[in-house]
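Visitor: I would like to learn how to read a model of this kind, one feature at a time. Could you take me through it slowly?

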Amino acid sequence: MTAKATTSATFEQDVLQADGPVLVDFWAEWCGPCRMVSPVLDEIQSENADKITVLKLNVDENPDLAMKYQITSIPAMKVFHGGEVKSTIIGAKPKFALEQDLAEFLK
């Protein structure tokens with residue numbers, strides 16, 4: 001299962017109004033570490049589809065949201081729940097490290 005994309009147009013509905021936790025992967029086409037972490041996030045999504053939703057947000061195509069959430073380096077992942085940022089993860093990490101960072105949302 002591949003993570004879906006969200007945009008400025010759909011962000012409020014996809015992320016801020018979502019029922020459960022949503023991990024937003026702030027990424028860009030030219031970012032090597034982003035491409036490395038992408039399949040790991042897809043795995044986490046497919047293994048935990050009932051617990052967390054993983055969405056991708058291209059910072060080049062949606063600079064307003066990148067600025068709003070103060071994305072200064074990518075990959076950056078933020079977990080939103082109830083319309084608020086609950087957790088921030090910066091940088092590409094191996095799967096076990098990401099799962100540890102996300103443990104409270106994967107219960």
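Guide: We will go through salt bridges, a loop lysine, a buried threonine and a hairpin, bearing in mind that the model is predicted.

Visitor: How many salt bridges does the structure hold, and which residues are linked in a network of them?

Guide: A salt bridge is read from the distance between a side-chain nitrogen of Lys or Arg and a carboxyl oxygen of Asp or Glu, with 4 Å as the limit. The structure holds six salt bridges, and a network of them links Glu43, Glu47, Lys95 and Glu99. Within that network, the closest N and O atoms of Glu47 and Lys95 are 2.8 Å apart; because Glu47 belongs to helix α2 (residues 32–47) and Lys95 to helix α4, this pair ties together parts that are 48 residues apart in sequence. Lys95 also forms a salt bridge with Glu99, where the closest N and O atoms are 4.0 Å apart, and here both residues lie in helix α4, four residues apart, or about one turn of the helix.

Visitor: Is Glu47 buried or exposed, or does it fall in between?

Guide: Burial is judged from relative accessible area, and the partly exposed class runs between the cut-offs of 20% and 50%. Glu47, at 46%, is therefore partly exposed, and Lys95, at 22%, counts as partly exposed too.

Visitor: Where does Lys93 lie, and which residues is it in contact with beyond its sequence neighbours?

Guide: Lys93 sits in the loop between β5 (84–90) and α4 (95–101), and, leaving aside neighbours within four places in sequence, it is in contact with Val37, Leu98 and Asp101. With Asp101 the side chain of Lys93 meets in a salt bridge of 2.6 Å, N to O. Lys93 has a relative accessible area of 29%, so it is partly exposed.

Visitor: What class of burial does Thr6 fall into?

Guide: Thr6, in the loop between β1 (4–5) and α1 (11–16), has a relative accessibility of 2% and so counts as buried. Its side chain is joined to that of Thr10 by a polar contact of 3.2 Å, and the residues that Thr6 touches farther than four places away in sequence include Phe11, Leu55 and Asn62.

Visitor: In what sense do strand β4 and β5 pair?

Guide: Strand β4 (residues 76–81) pairs with β5 in the antiparallel sense over six bridges, and Val79 stands opposite Ser87 in β5. The two strands form a hairpin with two residues between them, and Gly82 in the turn has a positive phi of about 65°.

Note on methods:
Residues are numbered from 1 along each chain as its sequence is written. This is a predicted model: local features need pLDDT of at least 70, side-chain atom pairs count only at pLDDT 80 or more; totals for chains, interfaces and linings use all residues. Side-chain values use heavy atoms; hydrogens and water are left out. Buried means under 20% relative accessible area, exposed over 50%, partly exposed in between (1.4 Å probe, protein chains only). Contact means heavy atoms within 4.5 Å. Two strands pair if DSSP finds at least two bridges between them. A polar contact is a pair of N or O atoms within 3.5 Å; within protein, one must be able to donate a hydrogen and the other to accept it, and residues adjacent in sequence count only if both atoms are side-chain atoms.
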